[in-house]
Amino acid sequence: MIYLAIVGGILVLCYFWYASLVGKRNSALEALSSIDVQLKKRHDLLPNILKIAKRFMDHEKELMAKVTEMRAQAGKGYDRKNSDEVAGHLAAESGLQSAMMQFFAVAENYPDLKSNQNMIRAQQTFEEVEGHIAAARRFYNSSVTALNNAVQIFPGSAIARMANISAMPYFEMAEIEKKPVDASDYL
Amino acid sequence: MTHPSPWGKKPQSERPTMAGFQSFYERDLKDELSRLEQERPAKVKRFYLIVGAALTTGGAAAVILLTVTHSDPQLLFFIAAAVAGIGWLAYRPLARLQQAAKVRTMTSLCRFLGLTYHLKPVAVSLTRLRELDLVPSYHEQKLEDQITGDARGVDFDLFEAKLIRKSHDSKGNTHRTTVFRGLLCHFDFHKDFTGTTLISRDHSKFGNFFAKFGKIGERIKLEDPEFERLFEVYGTDQVESRYLLTPLFMERIRHLGQRVGHDNLQLAFDRGRLLLAIKKNENSFEGGNAFSDLTDLSRIQKSIEDLTLIYDVVDNLRLELETRV
């Protein structure tokens, strides 16, 4: 009887552990969805920005083609439950962000473009969207930390393996954002 | 005779908004305060005379009641109440004078800064502040000193509140406890948002467990460990709360907390505005009491120091910035 009670207790404990893991995974997936909602805004905004810039940045066709290509790559569908595909999707978005930063840095060399009212408004909206993306990324990374800690520490790791729940990748900042500004680049 | 600078020892550059107030004071305020000050000595003298007479009469009556007529000692309570009542009545003219000086000073100071002052707040409601749990539950409210306008281009509305909770003991006696005294204000915020984010003070693990019930939205766990140690954040949207509370903004809130005391500060982002509840131990914007010289510049300096809090909020939180990230 005692053994039965112990086994029953362990099973109940395992169930709650499992439920907690599923809750954490769902929370991370929800956070991933909220990132996608914000990234969609970025994707929707990009064609407008490129359309405005095209009139002024005729010599930067290569750069604009790169941004367009990165957008197409980042916009591809992916399996949200496959961590490799999620990692690929987030890396593509980081690449797009990096290309956008490069684009705006080059746009600084075109005073007519910089002073264009449509471009000013588009850039303000872009900044706002980037603010939302940054917030969504923080929420996602916070959820992923909770999930990964639960999935990688025993006995959660064993239960996660049985339940086929795996760790998820972090959404890292684009490299260009992390690098400190080197003044010599601009001198 | 020249007065010392009311701005104290701080360099003028730290108080750019007050540059030129000295001449404004001489022109706009000094004569009026001097006129009120002329009335003060007579009223103070009258107050002391009445209180002195009341104390003497009360004392004599107490002695007679206790030693000559051997009356019930409980009668002493009525004598004390009568003396206190007379003292209160005698103080009223002085209080009115002090209030007149305060209203004149605050109106003048606010006008100089391009702000508006009302002794009795107009069009204010604590309902939303209560719903957000920025102020505790209360039965009576005393509101005064409303200041509105824009500070460094940021629209705001601020007033002072004293909230009282009544309770009854087993004997049916009513007890009145002040549950909040301080400043309540709202500032326009430069980011667009639709949800609500509440930043309440930390109550330690045990306290936070119970404090979360009744709070709006869900708990938002942020990355800044120092901020997390000082505050608890609740919000209706995890992403929007983080959009508002960027790492830099959390640092700014910590700086403001250092200025007013972390335990005294609670904030909320709600309906496009930033709401603040700042607890204070003393009455703000009073300058001083009726027993000191109404023209004393240290009184104005005190009022200016109280007013600088508005600018400190804007400066600490950088509310004037147009950045959207």
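Visitor: Which residues touch the most other members of the largest nonpolar core?

Guide: In this predicted model, the largest nonpolar core has 80 residues, and A:Tyr140, B:Leu267, B:Ala268 and B:Leu276 touch the most other members. Helix H5 of chain A, which spans residues 117-152, gives the most to this core, with 13 residues. A separate core of six residues lies apart from it, and A:Ala74, A:Leu96, A:Ala99 and A:Met100 are among its members.

Visitor: What does B:Leu267 touch, if residues up to four places away in sequence are not counted?

Guide: Under that restriction, B:Leu267 touches B:Ile199, B:Ile253, B:Leu274, B:Leu275 and B:Leu276.

Visitor: Why is helix H1 of chain A called roughly perpendicular to helix H6 of chain A?

Guide: The axes of H1(A), residues 2-54, and H6(A), residues 156-163, come within 10 Å and cross at roughly 75°. Angles of 65 to 115 degrees count as roughly perpendicular, and therefore H1(A) is described as roughly perpendicular to H6(A). The contact is made by A:Cys14, A:Trp17, A:Tyr18 and A:Leu21 on the side of H1(A), and by A:Gly156, A:Ile159, A:Ala160 and A:Ala163 on the side of H6(A). By class, this contact has seven nonpolar residues, one polar residue and no charged residues.

Visitor: What makes A:Pro111 count as exposed?

Guide: A residue is exposed if 12 or fewer other C-beta atoms lie within 10 Å of its own; A:Pro111 has 9 C-beta neighbours inside 10 Å, and therefore counts as exposed. A:Pro111 is found in helix H4 of chain A, residues 111-115, and its C-alpha atom is separated by 9.3 Å from that of A:Phe56, although the two are 55 residues apart along the chain.

Visitor: How many residues of chain A are in contact with chain B, and which helix gives the most to that side?

Guide: 13 residues of chain A are in contact with eight residues of chain B, and H5(A) gives the most to the side of chain A, with twelve residues. By class, that side has four nonpolar, five polar and four charged residues.

Visitor: Where in chain B does pLDDT stay under 50?

Guide: That stretch is residues 1-16 of chain B, for which the model has 13 contacts beyond four places in sequence. Where pLDDT is low, the predicted coordinates should not be read in detail. Chain B averages a pLDDT of 85, with 90% of the residues scoring at least 70, while the model scores ipTM 0.78 and pTM 0.79.

Notes. Residues are numbered from 1 along each chain as its sequence is written. Chains are lettered from A and ligands numbered from 1 in the order in which they are written. This is a predicted model: local features need pLDDT of at least 70, side-chain atom pairs count only at pLDDT 80 or more; totals for chains, interfaces and linings use all residues. A nonpolar core is a set of buried Ala, Val, Leu, Ile, Met, Phe, Trp, Tyr and Cys residues joined through C-beta atoms within 7 Å. A residue is buried if 20 or more other C-beta atoms lie within 10 Å of its own, exposed if 12 or fewer, and partly exposed in between; C-beta atoms are placed from the backbone. Helices (H or I, at least four residues) and strands (E, at least two) are DSSP runs, numbered from the N terminus. Two residues are in contact if their C-beta atoms, placed from the backbone, lie within 7 Å. Axes are lines fitted to C-alpha atoms, for helices over the stretch in contact, and angles run from 0 to 180 degrees between N-to-C directions. Angles under 35 degrees count as roughly parallel, over 145 as roughly antiparallel, 65 to 115 as roughly perpendicular and the rest as oblique. Ala, Val, Leu, Ile, Met, Phe, Trp, Tyr, Cys and Pro count as nonpolar, Asp, Glu, Lys and Arg as charged, and the others, Gly among them, as polar. pLDDT is the predictor's confidence in each residue, from 0 to 100.
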